[in-house]
Amino acid sequence: MNIKEASEQTGVSSAAIRYYEKESLIPPIDRTEVGNRDIDARILQRIRFVTQMRSAGMSIESLRRYIQLFDAQEDNTKEQKAILTEQLAVMEEKRDDLQAAIDHLNYKLNHYDDHMVSTENELRELERQHQAKVDSED
């Protein structure tokens, strides 16, 4: 299939597929006699894999390294697992940061009347005092 068909089948843009190939995230794609990319099931599966790993937050550099290890002749399971473990830790940290932000917003919503209103009033008063100071200096 050509790149347009592969794009439609995978949901990955043609430009991204070209980029993946250029960055060695997928193997070189065979070409037809006229030079068009001829994408087969092997390449489609690789595109899906790259997309999944990018969705998991993996950097291009880490993904390239993982793929190099996968494609190597020797058993690199230990190193591959180390890359995945590192990425998992990164994603768990992001999740924890996001959960802390969600918890903070929930607190603000649940305590809007007894917390947010008084905090906003304090901020308004500080802004008023600042403006009065600026006006008196003019």
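Which residues of the largest nonpolar core touch the most other members? In this predicted model, the core in question holds 21 residues, and those that touch the most other members are Ile17, Ile26 and Ile39. At least two residues of this core are supplied by each of α1 (3-10), α2 (14-22), α3 (41-55) and α4 (60-71). In soluble globular proteins, nonpolar side chains tend to be buried together.

The surroundings of Ile26 can be described in further detail. When neighbours within four places in sequence are left aside, Ile26 is in contact with Ile17 and Tyr20, with Glu21, and with Ile43, Arg46, Ile47 and Val50. Ile17, itself one of the three residues that touch the most other members of the core, is thus among the contacts of Ile26.

The helix α1 contributes to the core and shows a division between its two sides. Its buried residues are Ile3, Ala6, Ser7 and Thr10; because these residues cover an arc of only 105° around the axis, they lie on the same side of α1. Lys4 and Glu8, by contrast, are exposed on the other side of the helix. The partners against which the buried residues of α1 pack are α2 and α3, both of which also supply residues to the largest nonpolar core.

The two ends of α1 can likewise be described. At its start, a side-chain oxygen of Asn2 comes to within 3.0 Å of the backbone nitrogen of Lys4, the residue whose exposure on the other side of the helix was noted above. After α1 comes Gly11, which has a positive phi, near 80°.

Turning to the protein chain as a whole, the secondary structure consists of six helices and zero strands, and the pattern read along the sequence is accordingly α-α-α-α-α-α. The radius of gyration of the protein chain is 26 Å, whereas the globule rule gives 14 Å for 138 residues; the value for the chain is well over that figure, and the chain is therefore more spread out than a compact globule. Along the principal axes, the C-alpha trace spans about 80 × 40 × 30 Å.

Burial and contacts were also computed over the protein chain. Of its 138 residues, 25% count as buried, and the chain exposes about 10000 Å², of which 52% is supplied by carbon and sulfur atoms. Among the contacts between residues at least 6 apart in sequence, 39% join residues that are at least 24 apart.

Key. Residues numbered from 1 in each chain as written. Predicted model: local features only at pLDDT ≥ 70, side-chain atom pairs only at ≥ 80, totals over all residues. Heavy atoms only, no water. Core = buried A, V, L, I, M, F, W, Y, C linked by side-chain atoms within 4.5 Å. Buried < 20%, exposed > 50% of the residue type's maximum accessible area, 1.4 Å probe, protein only. Helix = DSSP H or I, 4+ residues; strand = E, 2+ residues; numbered from the N terminus. Contact = heavy atoms within 4.5 Å. Arc of directions from axis to C-beta. Polar contact = N/O pair within 3.5 Å; in protein donor to acceptor, adjacent residues only side chain to side chain. Rg over C-alpha atoms; globule rule 2.2 N^0.38 Å. Areas by Shrake-Rupley, 256 points an atom, 1.4 Å probe, with all protein chains shown as cover.
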